[in-house]
Amino acid sequence: MNDDAPRATSVALPALLEDAARRSAAYLRSLEQRPVRPDPDAVLRLARLDEPLPAGPSDPAGVLALLDELVSPATMATAGPRFFGFVIGGSLPAALAANWLATAWDQNACLAKVTPGVAQVEAVALRWLVEVLGLPPQTEGAFVTGATMANFTALAAARHVVLARTGWNVEADGLYGAPPITVVVGAEAHPTLLKSLGLLGLGRNRVVRVPTDRRGRMRADRLPPMAGPTIICVQAGNINTGEFDPFGEICPIARAAGAWVHVDGAFGLWARAAPQLAPLADGMELADSWATDAHKWLNVPYDSGLAFVREPGALPSAMAITADYLPVHQAERSPADFTPELSRRARGVEVWAALRSLGRSGLAEMFERNCRQARRFAALLGAAGYEILNDVVLNQVLVSFGSADTTQRVIDAIQADGTCWCGGTVWQGRAAMRISVCSWATTDSDVERSAAAMLRAARGVAARA
């Protein structure tokens, strides 16, 4: 065995990381000029990756070069300024750099005594988030992978509390034989919320669905009678329209009935951080739990979700990796007591970096700018004669170019053109293209350039009809 091999590798590591930094910087610089879509020829070349596992070691520099050569041109430019297909933000410079540093630290962010540095960073970031989102000051939070697991985590706390009120310990005794929980959702509930309910054993199909209005908002006047353990799931930011359920009406009704209110705010929760947008979410602070993504509108690297719970102790009661007879609260806040995972990366570091680099005013400016840009898209497309299907209250725009077939052909043409990238959806029976504006990097000129490409594609489709 060659004892010098690890030492040689460690000596080469700085050069390898510098090479990775150069390649990463070159990739990010290319996003301004390259098509947003993956290069079709590069996608075909990905077949070269499907090779037998090498019989022996490979030069790390060669491995990195091959990865850059084959995969970089085959990526979707979601990190750039003109990707509008889904609610996917880019990565703020400070967040991206912090992600690299945290990866070099290689901390398992589970126990405060073992990794005190990242535990403290995450604790501070959570406090800042509670403050900037206007949540109750006693709110506890957790860093998870994304909104699906954020919903799961917060709803696990909800499940714990509503059953504990009946004397049932669901973590110890499970759901078999437990008092039934009624789960109420809006007709526009996102599929990831329903997935979370399924994972929790509450059932995707056992929910009570409440009708929504023409804008996709749950109708408070159609809430069902509530008795016994009940969880009501409301929405901040409809994925198609950007609309908000009427929290100020729903939460008092729920509280009077002893029901728990959970907010699925995958991207809409961030409206609370912007003075111009915050009124959209009035009453949301009255809820009991909240879920959101940081890798959406906060623009940190994947993966990064956040779960918040109003009642102190509810999260660790559902999540702590201890027996139920051991004390939940220790001198230090151990992150593993608040999340489904024991081992996980320190994803709170880049959240801290994003918040620290932007501050309150920077957060507000980013969110409000993206919403202004969404309204500009709607104005340009509407002025050209195309139908805007939603009231543009946030960062989402729905546009119809005519029939479902015509709309899809325009979307295909826009995607092939590569100036920008948008996807299709169906809203209340109408086919539409959805524009989601949520990147820190998007400038007003990007909007003008992208809108021109959309109109050019639409005219081309019409000319060929």
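A residue is counted as buried when its relative accessible area is under 20%, as exposed when that area is over 50%, and as partly exposed in between. By this rule Asp19, at 15% relative accessibility, counts as buried in the predicted model described here. The surroundings of Asp19 are therefore considered before the rest of the structure, with the burial rule in mind.

Asp19 takes part in salt bridges with two arginines. With Arg22, the closest N and O atoms are 3.7 Å apart. Arg22 and Asp19 are three residues apart in helix α1, which spans residues 5-30, and so they are separated by about one helical turn. With Arg23, the distance from N to O is 3.2 Å. Asp19 and Arg23 lie four residues apart in helix α1, again about one turn of the helix. Arg23 has a relative accessibility of 25%; because this value falls between the two limits, Arg23 counts as partly exposed. The pairs belong to a network of salt bridges that links Asp19, Arg22, Arg23 and Asp68. In general, side chains of opposite charge can pair when their charged atoms come close.

The structure holds 25 salt bridges. One of them joins Glu365 to Arg369, with 2.8 Å between the closest N and O atoms. Both residues lie in helix α11 (residues 348-383), where a spacing of four residues corresponds to about one turn of the helix. The two partners fall into separate accessibility classes: Glu365, with a relative accessible area of 41%, is partly exposed, whereas Arg369, with 15%, is buried.

Helix α11 also contributes to the nonpolar interior. The largest nonpolar core has 56 residues, and those with the most contacts inside it are Ile232, Phe247, Leu298, Phe308, Val351, Phe367 and Leu394. At least two residues of this core are supplied by each of α5 (116-132), β4 (230-235), α9 (247-257), β5 (260-264), β7 and α11. The greatest contribution comes from α11, which gives eight residues. A second, separate core has 35 residues, including Leu163, Val183, Ile231 and Ala291.

Leu394 illustrates the surroundings of a residue in the largest core. When neighbours within four places in sequence are left aside, Leu394 is in contact with Gly242, Phe244, Phe267, Gly268, Ala271, Leu277, Leu280, Trp297, Cys371 and Ala374.

Tyr302 provides a further example of local surroundings. This residue lies in the loop between β6 (289-293) and β7 (305-309). With a relative accessible area of 49%, Tyr302 is partly exposed, because exposure is assigned when the area is over 50%. Leaving aside neighbours within four places in sequence, Tyr302 is in contact with Ile88, His295 and Arg345. Tyr302 and Thr145 are separated by 157 residues in sequence, but the C-alpha to C-alpha distance between them is 8.0 Å.

Empty space within the model was examined next. One cavity of 30 Å³ or more is counted. The largest cavity contains about 70 Å³ of space. Its lining is made up of 14 residues, of which Gly186, Glu188, Ala189, Gln235 and Asp245 lie nearest the centre of the cavity. Strand β4, which also supplies residues to the largest nonpolar core, provides the largest share of the lining of the largest cavity, with three residues. By class, the lining of this cavity comprises six nonpolar, five polar and three charged residues.

The largest pocket holds about 1,100 Å³ of space. It is lined by 35 residues, and those closest to the centre of the pocket are Ser24, Tyr27, Leu28, Leu96 and Trp100. Two or more lining residues come from each of α1, α3 (60-71) and α4 (93-105). Helix α1 gives the most to this lining, with seven residues. The lining of the largest pocket consists of 22 nonpolar, ten polar and three charged residues. Helix α1 thus appears in two settings, as the helix that holds Asp19 and Arg23 and as the element that gives the most to the lining of the largest pocket.

Definitions and conventions: Residues numbered from 1 in each chain as written. Predicted model: local features only at pLDDT ≥ 70, side-chain atom pairs only at ≥ 80, totals over all residues. Heavy atoms only, no water. Salt bridge = Lys/Arg side-chain N within 4 Å of Asp/Glu carboxyl O. Buried < 20%, exposed > 50% of the residue type's maximum accessible area, 1.4 Å probe, protein only. Contact = heavy atoms within 4.5 Å. Core = buried A, V, L, I, M, F, W, Y, C linked by side-chain atoms within 4.5 Å. 1 Å grid on protein atoms, 1.4 Å probe; cavity = no way out; pocket = protein on both sides within 12 Å on 5 of 7 lines; lining within 4 Å. Points joined across faces, edges and corners; volume = space filled by probe spheres on them. Nonpolar A, V, L, I, M, F, W, Y, C, P; charged D, E, K, R; others polar.
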